[in-house]
Amino acid sequence: KKKIRIISIDIKDLKLDLISYFLNDSSRQFNGVANGKATFKTLNGTPVVVGNIKVRDASYLNDTIGDIDIKSTFESSTSRLLLDIKADGGTIQNMIVKGAIGLAGQNDLDLDIHFDFVNVDLFEEHLDVIFSEMTGKVKKGNFNLTGTLKQPVLYGRLMMDTLAVQVDYLKTIYFITAEIESKENTIYTLK
């Protein structure tokens, strides 16, 4: 028999910089203002959040992501969390993430990810050990994320347009325009 615990909340003008405070981690710098309704459930020890939350002016590490609309529901017949996420307006334009995360057993992933444009500045702080001075954009990305949460598998394509990065070890700037494909987490350059 499944034991279910439920907490429902209405979110009104919640400032997301509280996330860094509650996690006691200043490296996670979330900002924006959230509104909506959410229900937190625990199903046999697995936390689940369902609801509809809109975040205005979302940013991470001082990069404006834009507005985010998150809709999630729980499909009890298959024990899957269904997601419909849209982000638009900042360094990300027209990003759509739709699909499901299985909550029984292996936490199976089945997510389709599409975006029209992502500014590479969003990734610079995560790659600063190797690269610096990143400029340019990644456009037209389409991916499918499968596998498990512990071993995700990424398939898809994206276009890099006029990307410039400095490889710090070599003190050399590289300019890249390419179509990139990922098959089972292996990355190929197509053009």
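Trainee: Which strand does Phe 40 lie in?

Mentor: Phe 40 lies in strand S2, which covers residues 30–43. Keep in mind that this is a predicted model.

Trainee: OK, and is Phe 40 buried or exposed?

Mentor: In between. Phe 40 counts as partly exposed because its relative accessibility is 35%, and the buried class stops under 20% while exposed begins over 50%.

Trainee: Which residues make the nonpolar surface patch?

Mentor: Phe 40 is one of them, together with Ile 7, Ile 9 and Val 49. The patch comes to about 320 Å².

Trainee: Let's move to S1. Where is Leu 14 found?

Mentor: Leu 14 is in strand S1, residues 4–15. With a relative accessible area of 37%, Leu 14 is partly exposed.

Trainee: What is Leu 14 in contact with, leaving aside neighbours within four places in sequence?

Mentor: Gly 32, Val 33 and Ala 34. Take Val 33: it is 19 residues away from Leu 14 along the chain, yet their C-alpha atoms are separated by 5.3 Å.

Trainee: What about Asp 13, what's its phi?

Mentor: About 50°, so a positive phi, although Asp 13 is not a glycine. Asp 13 belongs to strand S1 too, and at 41% relative accessibility it is partly exposed.

Trainee: Which other residue that isn't glycine has a positive phi?

Mentor: Lys 171, with phi near 55°.

Trainee: And where is Lys 171 found?

Mentor: In the loop between S10 and strand S11, the latter being 172–183. Lys 171 counts as exposed because its relative accessibility is 64%, and the cut-off for that class is over 50%.

Trainee: While we're around S10, is Gln 166 buried or exposed?

Mentor: Gln 166 is buried, at 17% relative accessible area. Its place is in strand S10, residues 152–167.

Trainee: What does the side chain of Gln 166 make a polar contact with?

Mentor: With the side chain of Asp 168, at 3.3 Å.

Trainee: Change of topic: sheet pairing. How many bridges link S8 and S9?

Mentor: There are 11 bridges, in the antiparallel sense, with S9 spanning residues 131–148. One pair to look at is Val 118 opposite Val 138 in S9.

Trainee: And how do S7 and S8 pair?

Mentor: Antiparallel again, over 6 bridges. For instance, Val 97 has Ile 113 in S8 as its bridge partner.

Trainee: What about S6, how many bridges does it share with S8?

Mentor: S6 is residues 92–93, and it pairs with S8 over 2 bridges, antiparallel. Ile 92 stands opposite Val 118 in S8, and Val 118 also stands opposite Val 138 in S9.

Trainee: Last one: where is Ala 104 placed?

Mentor: In the loop between strand S7 (95–102) and strand S8 (108–119). Ala 104 has a relative accessible area of 48%, so it is partly exposed.

Trainee: How far is Ala 104 from Ser 79 in space?

Mentor: It's 5.9 Å, C-alpha to C-alpha, with the two residues 25 apart in sequence.

Notes
Residues are numbered from 1 along each chain as its sequence is written. This is a predicted model: local features need pLDDT of at least 70, side-chain atom pairs count only at pLDDT 80 or more; totals for chains, interfaces and linings use all residues. Side-chain values use heavy atoms; hydrogens and water are left out. Patches are made of residues with over 30% relative accessible area and no salt bridge: like charges are joined within 9 Å, nonpolar side chains (Val, Leu, Ile, Met, Phe, Trp, Tyr) within 5 Å. Accessible areas come from the Shrake-Rupley method with a 1.4 Å probe; for residues, only the protein chains shown count as cover. A salt bridge is a side-chain nitrogen of Lys or Arg within 4 Å of a carboxyl oxygen of Asp or Glu. Helices (H or I, at least four residues) and strands (E, at least two) are DSSP runs, numbered from the N terminus. Buried means under 20% relative accessible area, exposed over 50%, partly exposed in between (1.4 Å probe, protein chains only). Contact means heavy atoms within 4.5 Å. A polar contact is a pair of N or O atoms within 3.5 Å; within protein, one must be able to donate a hydrogen and the other to accept it, and residues adjacent in sequence count only if both atoms are side-chain atoms. Two strands pair if DSSP finds at least two bridges between them.
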